[in-house]
Amino acid sequence: MPLATAVAQAAVPATTTAVTRSPGDVDNSAVYVSFGLAYLFGHGSAALSKGTSPLLDLPGWLPMALLGAGLAVGTVQATLAALRAQRGATGPDVLSGKLLGASWIAGFTALFLAITGLASAVDTPDLQDMLWPTGSGIVVGLLYLAEGAVRRNLLHYTLGVWLALTSAAALFLGTPGLYWVLTIAGGGAYAIATVLERRRHATR
C-alpha cells in the first residue's frame with residue numbers, strides 16, 4: 001500500500017506539468033532579429049533619404065523594398081514560431097495557434113485595403129509613405145499583444161505595446177521624422193527584446 005501511494009504521488013506532478021505547460025513557449029529570437037533588421041535597414045534608409053534635405057540620395061523604391069523583404073522574412077519566422085508553439089499542444093491551444101497564424105494574414109490584408117482605400121479617396125501623395133510604415137508597426141504590435149496574452153509571454157506582450165504606441169505616435173512627426181522614430185524606437189526595442197529572449201531561454 002505505501003509503495004502504491006508513493007508511485008501515485010510521483011505520477012501526479014508529471015501529469016500536472018504536461019497539462020499546465022505554457023502554450024507557445026518558443027524562442028522568438030529569429031523573429032525579433034528579422035523584424036529588427038527590417039526596421040533598421042528599411043526605416044533607417046527612409047530616414048536618411050527622405051525629406052527636404054536628405055542625407056543620402058537613394059532610389060525611392062529602395063527603403064520600401066528593404067522594409068518589405070524584412071517584414072516578409074519576419075512573418076515567415078513568426079509563422080514557424082506559431083507552428084513550433086503547437087507541438088505537444090492539445091485542443092484549445094492548437095486552435096489558438098491556428099487563429100493567431102491566420103491573424104497575421106487578416107491584419108495585413110485589412111491594412112492593405114485601408115491604405116489603398118484612403119489613398120484613392122484622399123489626394124495626398126505622401127499618405128501611403130506615412131501609413132505603410134506606421135500601420136505595419138501598429139498591426140505587428142497588436143498581433144504581438146494577442147500572441148503574448150495567449151502564450152502568457154510578458155516580453156512578447158510588452159514589445160507589442162511599445163511597437164503599437166510608438167508607431168501610432170510617430171504619425172504626429174510626418175516625414176522624415178516618423179522614420180527616425182521607427183528606426184530608433186522600433187529597431188532598438190527589437191534589439192533589446194532579442195537579448196532578453198535569448199537570456200530567458202538560456203536560464204531554462
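A residue counts as buried when its relative accessible area is under 20%. By that cut-off Arg200 is buried, because its relative accessible area in this predicted model is 19%. Arg200 sits in helix 7, which covers residues 174-202. The side chain of Arg200 also has a partner: a polar contact of 3.1 Å links it to the side chain of Glu197.

Helix 6 offers a neat check on geometry. This helix runs over residues 154-169, and its 16 residues should span 22 Å at 1.5 Å a residue; the end C-alpha atoms are 22 Å apart, so the two values agree. At the N-terminal end of helix 6, Asn153 acts as the cap, with a side-chain oxygen 3.2 Å from the backbone nitrogen of Leu155. Leu155 is itself one of the buried residues of helix 6, and others include His156, Leu159, Gly160, Leu163 and Ala164. Thr166 and Ser167 are buried as well. The cover over the buried residues of helix 6 includes helix 2 (29-49), helix 5 and helix 7.

Attention can now turn to the internal spaces. The model holds 2 cavities of 30 Å³ or more, and the second largest has a volume of about 40 Å³. His156 appears again here, as it lines the second largest cavity along with Asn28, Val31, Ala78, Ala81, Trp104, Tyr144, Glu147 and Arg151. Helix 3 (61-85) and helix 5 (127-151) each give at least two residues to this lining, and helix 5 has the largest share, with 3 residues. Sorted by class, the lining of the second largest cavity comprises 5 nonpolar, 2 polar and 2 charged residues.

Terms used: Residues numbered from 1 in each chain as written. Predicted model: local features only at pLDDT ≥ 70, side-chain atom pairs only at ≥ 80, totals over all residues. Heavy atoms only, no water. Helix = DSSP H or I, 4+ residues; strand = E, 2+ residues; numbered from the N terminus. Buried < 20%, exposed > 50% of the residue type's maximum accessible area, 1.4 Å probe, protein only. Polar contact = N/O pair within 3.5 Å; in protein donor to acceptor, adjacent residues only side chain to side chain. 1 Å grid on protein atoms, 1.4 Å probe; cavity = no way out; pocket = protein on both sides within 12 Å on 5 of 7 lines; lining within 4 Å. Points joined across faces, edges and corners; volume = space filled by probe spheres on them. Nonpolar A, V, L, I, M, F, W, Y, C, P; charged D, E, K, R; others polar. Expected span 1.5 Å × (residues − 1). Contact = heavy atoms within 4.5 Å.
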